[in-house]
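Visitor: I am new to this structure and would like to be walked through it with care. Could we take it one topic at a time, beginning with whatever I need to know beforehand?

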Amino acid sequence: MSLTVLKLGGSVITDKDRADTLDDETLGRVADAIGDASVDDLVLVHGGGSFGHHHASEHGVSKTTGSSDIDAVTDIHGAMKTLNNFVLSRLHDREISAVPVHPFSAAVRDATASLTLPTGQIETMLEEGFVPVLHGDVVAHEGEGVTVVSGDELVVSVARHLDADRVGFCSTVPGVLDENDEVIPEITTYEAVADVLGESESTDVTGGMAGKVRSLLELGAPASIFSPDDVSSFLDGETPGTRIDATGEQTD
Ligand SMILES: Nc1ncnc2c1ncn2[C@@H]1O[C@H](COP(=O)(O)OP(=O)(O)OP(=O)(O)O)[C@@H](O)[C@H]1O
Ligand SMILES: C=C(C)CCOP(=O)(O)O
């Protein structure tokens, strides 16, 4: 069985400029594309958008700056569970057997900020025909209280441990854009694109496109970044948008 890991960007499924607001139209379109696709095993991960980032920013929590304040933990984790429930419900409407995986209850960062995410439960969910849906969250972090874990980090961790065949990131942009706003077809080193990579245009505590490209170059396998319009073609086996591949292997 081939495994696909697909991240739905928080800026795709929420209105990133309005706190706690869903972009139901785009989420519905993406859920339609997933429902219509014929993939073997699928793991979904979604980002924080205006749910996670807004609350994380209010409490001053990021991937590196933690908090032990229980209000910070419950606000950020609670907002992400609310968003996860919306995503699950839209997937269930398309008869996709989506089940939640809340990273706060499973993952941990050690004192060097290295992330450990157990994947045994995800493997069994897949074997039993479910579609696990993870999300950016807070995680217990040794010496810091909790810090944010981004969906991008979770994708890399799951894809590595389960040896994913295909990895895709659906974002608001059609790919990584160059200085003329043209899609860069392939990225093999961070240095080659560092000058054009920026933060997200809206509140984002995990590093925007620059953070995404960095995470994907660490994956050790090819991944694609594309827009909601390209979810179907990605799930059909094509390589839309920007292909990120630190191994430098050429496509056919
Ligand atoms: N060179 C670039 N090419 C494309 N987008 C860029 C570039 N530089 C900065 N960006 C910004 O990065 C954003 C994508 O990163 P962002 O973190 O918002 O994505 P996401 O994964 O959809 O959201 P989230 O982090 O909430 O899950 C784009 O919407 C754009 O504003
Ligand atoms: C801000 C939180 C809680 C999650 C961030 O996940 P991301 O949007 O994938 O970076």
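Guide: Before anything else, a residue is called buried when its relative accessible area is under 20%, and exposed when that area is over 50%. Please also keep in mind that what you see is a predicted model.

Visitor: With that in mind, which residues of helix 6 are buried?

Guide: Helix 6 covers residues 151-161 and packs on the sheet, where it touches strand 4, strand 5 and strand 8. The helix is mostly covered, since nine of its eleven residues count as buried. Those buried residues are Gly 151, Asp 152, Glu 153, Leu 154, Val 155, Val 156, Ser 157, Val 158 and Ala 159.

Visitor: In what order do the four strands of the open sheet lie?

Guide: As a general matter, strands of a sheet pair through backbone hydrogen bonds, either parallel or antiparallel. Here the pairing is mixed, and the edge strands, each pairing on one side only, are strand 5 (115-116) and strand 8 (145-149). Read across the open sheet, the order is 5-4-7-8.

Visitor: What is the bridge partner of Val 108 in strand 7?

Guide: Strand 4, made of residues 108-109, runs parallel to strand 7, made of residues 137-141, and two bridges join them. Within strand 7, the residue that partners Val 108 is Ala 140.

Visitor: What angle does the direction of helix 6 make with that of strand 8?

Guide: Helix 6 packs on the sheet, and strand 8 is one of the strands it touches. Strand 8 is also one of the two edge strands. The direction of helix 6 makes with that of strand 8 an angle of about 80°.

Visitor: Where does UniProt place the feature "binding site"?

Guide: The record is an unreviewed entry, and it gives three positions that include one in helix 3 and one in helix 6. They span 104 residues in sequence, yet no two of their C-alpha atoms are more than 11.8 Å apart, so they gather at one spot. The positions taken from that UniProt entry are Gly 48, His 53 and Gly 151.

Visitor: Is Gly 48 buried or exposed?

Guide: Gly 48 is found in the loop between strand 2 (41-46) and helix 3 (49-58). Leaving aside its neighbours within four places in sequence, this glycine is in contact with Gly 10, Thr 14, His 53, Met 80 and Leu 83. Because its relative accessible area is 9%, which falls under 20%, Gly 48 is buried.

Visitor: Which elements do the buried residues of helix 3 pack against?

Guide: Helix 3 is mostly covered, with seven of its ten residues buried, and among them are Phe 51, His 53 and Ala 56. His 53 has a relative accessible area of 8%. The buried residues of this helix pack against helix 1, helix 4 and strand 8.

Visitor: What is the phi of Glu 95?

Guide: Most residues other than glycine have a negative phi. Glu 95 departs from that pattern with a positive value, and its place is in the loop between helix 4 (70-93) and strand 3 (98-101). At 72% relative accessibility Glu 95 counts as exposed, and its phi is near 60°.

Visitor: Is Ser 171 buried or exposed?

Guide: Ser 171 lies in the loop between strand 9 (166-170) and strand 10 (186-187). Beyond its neighbours within four places in sequence, Ser 171 is in contact with residues that include Ser 11, Val 12 and Phe 226. Its relative accessibility is 8%, which is under 20%, so Ser 171 counts as buried.

Visitor: Which residues touch the most other members of the largest nonpolar core?

Guide: In soluble globular proteins, nonpolar side chains tend to be buried together. The largest nonpolar core here has 38 residues, and the elements that each supply at least two of them include strand 1 (3-8), helix 5 (120-127) and helix 7 (208-217). Apart from it lies another core, of 29 residues, among them Leu 8, Phe 51, Met 80 and Leu 83. In the largest core, the members that touch the most others are Val 5, Val 43 and Val 213.

How values were computed:
Residues are numbered from 1 along each chain as its sequence is written. Chains are lettered from A and ligands numbered from 1 in the order in which they are written. This is a predicted model: local features need pLDDT of at least 70, side-chain atom pairs count only at pLDDT 80 or more; totals for chains, interfaces and linings use all residues. Side-chain values use heavy atoms; hydrogens and water are left out. Two strands pair if DSSP finds at least two bridges between them. Contact means heavy atoms within 4.5 Å. Axes are lines fitted to C-alpha atoms, for helices over the stretch in contact, and angles run from 0 to 180 degrees between N-to-C directions. Buried means under 20% relative accessible area, exposed over 50%, partly exposed in between (1.4 Å probe, protein chains only). UniProt positions are given in the numbering used here, feature names are shortened, and annotations may be inferred rather than shown by experiment. A nonpolar core is a set of buried Ala, Val, Leu, Ile, Met, Phe, Trp, Tyr and Cys residues joined through side-chain atoms within 4.5 Å.
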